[in-house]
Amino acid sequence: MGGDKYLAKKPIVSLENINMSIDDHQILKNVSLELEEGKFYTMLGPSGSGKTSILRVIAGFSQPTSGEVLFNGEKINNIPPNKRKLNTIFQDYALFPHLNVFENIAFGLKLQQKSKAEIEDRVQQILKMVQLTGLEERDINELSGGQKQRVSIARSLVLNPRMLLLDEPLSALDAKLRKEMQYELRELQQRLGITFLFITHDQEEALAMSDFIFVINAGEILQSGTPVDIYDEPINHFVADFIGQSNIVPGIMVKDFLVNFVGKDFECADAGMRPNEQVEIVLRPEDLDITSVDQGKLTVRVDSQIFRGDFYEIIAYDEDDNEWQIQSTNSVEDDAVVGINFDPEDIHVMRYGEKEQDFDARLETYED
Ligand SMILES: Nc1ncnc2c1ncn2[C@@H]1O[C@H](COP(=O)(O)OP(=O)(O)O)[C@@H](O)[C@H]1O
Ligand SMILES: [Mg+2]
């Protein structure tokens, strides 16, 4: 957010106002982004939101209807995929099962008709980088999931790309392996210092792995920022709901730093709306505390609770019938009437239909 706050580093890849339609269906809407050297970027969005389409435009497999694709500041719309210094890694890694580790990694260099000595050198160097030295002769089918991932990345790296594009490489894995591979991938990216553009529909994965996230829905980038930015200050209902767990209730922005919801005024940390503008309020379940009714800011009736191991997840309703999800270390009785408490800075206020540029500009007027 607020790009000019950061030192202007030259992006490797930029998209400028990319639109893409197939038949009468607009798949990408005015997509602009910049990707800098050495960062872990994630495109996060539900299935069908346009993530793969953006990646294909960057890789050169798809042509946008309008807009520019830039590499180091130069337009590359007409450069074919194999001439772009980018490499794509797919979900199943697409390794050759009948070739061993060395042969898999050497494959691209052989196609380029490099000398035997150069291939040997280069592959050894890459094996070292991805910590697979000693496994050259190993059959692909005898590798662990993490090792396969590393071979697949090595096979791309050997061609000296400036950036790796990874289209949901972890989505077919079971939960435990997936988590291991998240660490593995993140660690590898940091060690190599190459830009990764990673795609996922899993918000936890995006929060855990990324330096910077683009949230995509219906062919549009709704919000971009660090995981903390996006979690703490979602731009709208969709983002608040999609990323993390949220209580979202309607409210009225009385004036700067004062918002009304469930019939009461609350101090808050937001500003820059019109007086009495209709807004939506986000409060995260982990920011709510259960109290007695007279100590609570709101009164709710407990509907149900589930034990989650490190907390109870409590569902309760206020007098306006808004649902409240609360994480509490103590259990409560069903049907109990209790108070809930929160701090002014836990209240996050969102405007209906606000676009990212306006949102960023508004936040800059009152945030440090
Ligand atoms: N070649 C195509 N022809 C028609 N529609 C397509 C084509 N490719 C993608 N789409 C549509 O574009 C939208 C975005 O698809 P995609 O980029 O694959 O989404 P994601 O990767 O986020 O799941 C979807 O509605 C999909 O059906
Ligand atoms: Mg996809």
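How much of the chain over residues 13-243 is helix and how much is strand, and how far apart are the end C-alpha atoms?

## The annotated stretch

In this predicted model, the chain over residues 13-243 is 36% helix and 26% strand, and the C-alpha atoms at the two ends of that stretch are 26 Å apart. The UniProt record, in an unreviewed entry, places the feature "domain: ABC transporter" at residues 13-243.

## The surroundings of ligand 1

The shell around ligand 1 is made up of Ile-22, His-25, Ile-27, Gly-45, Ser-47, Gly-48, Ser-49, Gly-50, Lys-51, Thr-52 and Ser-53. Sorted by character, these residues divide into two nonpolar, eight polar and one charged.

Strand S2, which covers residues 25-35, and helix H1, which covers residues 51-59, each supply at least two residues of this shell. The largest share, three residues, comes from H1.

## An open sheet of four strands

Four strands form an open sheet in the order S2-S1-S4-S5, and their pairing is antiparallel. The edges of this sheet are S2 and strand S5, the latter at residues 74-75, and each of these edge strands pairs on one side only. Strands of a sheet, in general, pair through backbone hydrogen bonds, either parallel or antiparallel. Between S1 and strand S4 (residues 66-71), which run antiparallel, there are five bridges, and Leu-15 has Val-69 as its bridge partner in S4.

Leu-33 is found in strand S2, and it is partly exposed because 19 other C-beta atoms lie within 10 Å, whereas a buried residue needs 20 or more. Leaving out residues up to four places away in sequence, Leu-33 touches Ser-14, Leu-15, Phe-214, Ile-221 and Ser-224. One of these, Ile-221, is 188 residues from Leu-33 in sequence, yet the two C-alpha atoms are 8.7 Å apart in space.

## Strands S3, S9 and S10

Strand S3 (residues 40-44) and strand S9 (residues 212-217) run parallel and are joined by four bridges, with Phe-214 in S9 as the bridge partner of Met-43. S9 also pairs with strand S10 (residues 220-225), here in the antiparallel sense and over five bridges, and the partner of Ile-213 in S10 is Gly-225. The hairpin of S9 and S10 has two residues between the strands, and in this hairpin Ala-218 takes a positive phi near 45°.

## The nonpolar core and its helices

The largest nonpolar core has 85 residues, and those with the most contacts inside it are Ile-105, Ala-154 and Leu-197. The largest share of this core, five residues, comes from helix H2, which spans residues 101-111. In soluble globular proteins, nonpolar side chains tend to be buried together. Not counting residues up to four places away in sequence, Ala-154 touches Ile-105, Ile-126, Leu-127, Val-130 and Leu-132.

The buried residues of H2 are Val-101, Phe-102, Asn-104, Ile-105, Ala-106 and Leu-109, and what covers them includes helix H3 (residues 116-129) and H4. Helix H4, at residues 145-157, contains Gln-149, which is buried because 24 other C-beta atoms lie within 10 Å. Apart from its neighbours within four places in sequence, Gln-149 is in contact with Tyr-93, Pro-169, Met-181, Glu-184 and Leu-185. Leu-185 is 36 residues away from Gln-149 along the chain, and the C-alpha atoms of the two are separated by 8.2 Å.

## Positive phi outside glycine

Most residues other than glycine have a negative phi. Against that background, which residues besides glycine have a positive phi near 50° or near 55°? Asn-17, with phi near 50°, is one of them, and Asp-23, with phi near 55°, is another.

Asn-17 lies in strand S1, residues 13-22, and it counts as exposed because it has 12 C-beta neighbours inside 10 Å, the cut-off for an exposed residue being 12 or fewer. Asp-23 has its place in the loop between S1 and S2, and it is exposed because 6 other C-beta atoms lie within 10 Å. A further positive phi, of about 55°, is taken by Gln-113 just after H2.

Key:
Residues numbered from 1 in each chain as written. Chains lettered and ligands numbered in written order. Predicted model: local features only at pLDDT ≥ 70, side-chain atom pairs only at ≥ 80, totals over all residues. Near = placed C-beta within 6 Å. Nonpolar A, V, L, I, M, F, W, Y, C, P; charged D, E, K, R; others polar. Contact = placed C-beta atoms within 7 Å. Core = buried A, V, L, I, M, F, W, Y, C linked by C-beta atoms within 7 Å. UniProt positions renumbered as here; feature names shortened; annotations may be inferred. Pairing = 2+ DSSP bridges.
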